[in-house]
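Please look through the model shown here with its sequence alongside. The paragraphs below go from one chain to the other and end where the two meet.

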Amino acid sequence: MSYFKNIKSTFKVKNHVNYIGVVAFLVLMIILTSTGVLSRSSIGLLSRIAYSIVMAVSLNLVVGFLGELSLGHAGFMCVGAYIGCSVGNILSQSIDSSLLVIIISMLVGGICAAFFGFIIGLPALRLKGDYLAIVTLAFGEIVRNVFKNLPYFGGAMGLNTRPYNTKELYIIGFVVVLIVLVLIQNLIRSKHGRAITAIRDNEIAAKAMGINVTFYKLFVFIIAAFFAGVAGVLYGNFTTPVLYTFFSYNYSIEILVMVVLGGMGNITGSILAATLITFVNFELQSNLSGDLAALRLLIYALILIIVVLFNNAPAFKNIRAKFSVAALLSKFQKPKKPEDVSDDSAKWDVIESKISMNEVLSVDITDEIAKAEKEGK
Amino acid sequence: MAEYMLETQNLGIQFGGLKAVQDVNLKIKKNELYGLVGPNGAGKTTVFNMLTGVYQPTTGTFFLDGEELKGMTQEAINRKGIARTFQNIRLFNNMSVIRNVLVGLHNQPEYKYSPASAMLRTPAFYENEKKMRERAKEILRIFDLEEERNNLACNLPYGKQRKLEIARALATNPKLLLLDEPAAGMNPNETAELMDQIKFIRDNFDMTILLIEHDMKFVSGLCDEVTVLNFGTTLAQGDTQTALNDPEVIKAYIGG
């Protein structure tokens, strides 16, 4: 029973904001859909948001937490989409339940992508920074061109898939998002997560502490690729045909933009940025017709520039401080006593670091155990 | 049990045509405090880098507790029992003080749990994290850092950062601790405190310590034996007072 006591004593709302947010969003959307408020295309947007979040959060693991720049994340998604969906096509002939088919194809797609993650992870151990970025970039391009030239996967015409019922797909999508969040956050808040962030902070010191840098780099690449593969299967079930053009360099960059916009190593930020960017893209696509369509990329770029400037420019510091979520919350809270604030998460906002860390990183489960014990005494 | 905790045999390294270190023969007994001194550029840190696997020695070899470690990776050498600190501090700056120490505890077999167990939060996760934290606090207590355990490492004053680095190295449970200029940049009070702490570690952790230091008062007050290096070769070796008062050594330091 002490196991459940541990869980209970370490449970804090602050650590579970992401889960609560996603569940609340999902419930709200289910209500809106069932009452018929949302249009069909808006329901489709929800599925797109779901796989974007999975992509952004998994890339954040590589870029934000491990500190390696990967520009080929769409390549892993491509592997997952093609292989997972073709397995899905085969299975759907013998299995009636489409839910079971999508679950199996997500696992297969994920595992195949993870295998490619392993292969890409091997050079990642020898290359640093820009060089690794170039290798992953090349990988992304190679993968999609290989699939383009394989007749089995439909060649340049794309792979025909059986789209899942749009009205239900987004529910599956957000359940996947929730699972991915739980797994990644639990990993980051453990000793293995500490090892990963230690490698990012100072690789030489991490090696001197006996941390198996090779293992962790490979591990992170494999995990991130697995989730990208799962996202690929979601994509394949959302749209048909699965076309190689979608997984281009531009899409990899778009995911990277989500990560950077949300803050490196900030999972909540990745979720919000993925939602925002997908939403903005969708609105621009559907509202700008005719000649105005050419303006889409311009407006998109302007929005990105403004958001990045606002997030980082020193001139906006006071405005940010005034309107930040933390500031708004503090209006409703009593000022904390200094001894209560001495938790490590409280100190995170203080640093002016290029890589902005968030509470996801800073809240260590061990701190919570200690605190719970202190309160118990 | 080998006679010496660390024994190097003709240890040397050559960078291109430059012989940075030649024929270093250290013999460090168990539980000994050993000093490595010499003017700037003498090759002291290079010796440390060879002993921790950062550089592979081109000649000679070295043994820890009778086991040859030459050719191993940095990670493997650390797990075999050599931990070090760095001349220019290398902490995990964006992590809290306690988490720096927790990273040091990473490889201890008693706190082992798999990544899968972390992702699924099995009982092993809670159990081990709790034990690790208690151990980390114990180590921090030795260096009077327990109060500051939740501060970011980069926000600590310089002297405390040095101490934290030693604490982190100690957390890897080494047989041999290599300290690269532990007192650099410390004021006299801090230095005196550090001397006590190093002695405390030696006595209570049954540790063998090899340190590089320029502060001669620090070395002569702490070390049982020293080796003096100059231009990559051994100038004098043996009992601290005798070696430091060797005319050759004084000449190398003062010039002439």
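Two strands are said to pair if DSSP finds at least two bridges between them, and helices (H or I, at least four residues) and strands (E, at least two) are DSSP runs numbered from the N terminus. With these terms in hand, chain B can be entered at a hairpin: strand S1 (residues 6–15) of chain B and strand S2 (residues 18–24) of chain B pair in the antiparallel sense over four bridges, and B:Leu11 stands opposite B:Val24 in S2(B). Two residues lie between the strands of this hairpin, and B:Gly16 takes a positive phi near 60° there.

The model is a predicted one, in which local features need pLDDT of at least 70 and side-chain atom pairs count only at pLDDT 80 or more, while totals for chains, interfaces and linings use all residues. Residues are numbered from 1 along each chain as its sequence is written, and chains are lettered from A and ligands numbered from 1 in the order in which they are written.

Further along chain B there is an open sheet of six strands with mixed pairing, in the order S7-S8-S9-S4-S10-S11. Its edge strands, each pairing on one side only, are strand S7 (82–84) and strand S11 (233–239) of chain B. Neighbouring strands of this sheet are turned by 15° against each other on average, direction ignored, where axes are lines fitted to C-alpha atoms, for helices over the stretch in contact, and angles run from 0 to 180 degrees between N-to-C directions. Within the sheet, strand S8 (residues 176–180) and strand S9 (residues 208–212) of chain B pair in the parallel sense over five bridges, with B:Leu178 opposite B:Leu210 in S9(B). Helix H1 (residues 44–51) of chain B lies across strand S4 (33–37), S7, S8, S9 and strand S10 (225–230) of chain B, and runs at about 145° to S8(B).

Two loops that lead into strands of chain B deserve a look at the backbone. Most residues other than glycine have a negative phi, and most peptide bonds are trans. B:Asn31, however, has a positive phi of about 65° although it is not a glycine, and this residue is found in the loop between strand S3 (27–28) and S4 of chain B. A residue is called buried if 20 or more other C-beta atoms lie within 10 Å of its own, exposed if 12 or fewer, and partly exposed in between, with C-beta atoms placed from the backbone; B:Asn31 counts as partly exposed because it has 14 C-beta neighbours inside 10 Å. B:Asp206, in the loop between helix H7 (188–204) and S9 of chain B, likewise has a positive phi, near 55°, and B:Asp206 is exposed, with 10 other C-beta atoms within 10 Å.

Chain A has a secondary structure of 18 helices and zero strands, and 44% of its 377 residues count as buried. The axes of helix H3 (residues 40–66) and helix H10 (residues 213–238) of chain A come within 9 Å and cross at roughly 170°. H3(A) is therefore roughly antiparallel to H10(A), a term for angles over 145 degrees. By class, their contact has 19 nonpolar, three polar and two charged residues, where Ala, Val, Leu, Ile, Met, Phe, Trp, Tyr, Cys and Pro count as nonpolar, Asp, Glu, Lys and Arg as charged, and the others, Gly among them, as polar.

H3(A) also gives the most to the largest nonpolar core, with 16 residues. That core has 173 residues, and those with the most contacts inside it are A:Ala50 and A:Val54; such a core is a set of buried Ala, Val, Leu, Ile, Met, Phe, Trp, Tyr and Cys residues joined through C-beta atoms within 7 Å. In H10(A), A:Phe219 is buried, with 20 other C-beta atoms within 10 Å. Just after that helix, a cis peptide bond with omega of about -5° joins A:Thr240 and A:Pro241, the latter in the loop between H10 and helix H11 (249–262) of chain A.

Finally, the two chains meet in a contact that takes 34 residues from chain B and 36 residues from chain A, two residues being in contact if their C-beta atoms, placed from the backbone, lie within 7 Å. On the side of chain B, H5(B) gives the most, with seven residues, and the classes there come to 12 nonpolar, 12 polar and 10 charged residues.

Terms used
Angles under 35 degrees count as roughly parallel, over 145 as roughly antiparallel, 65 to 115 as roughly perpendicular and the rest as oblique.
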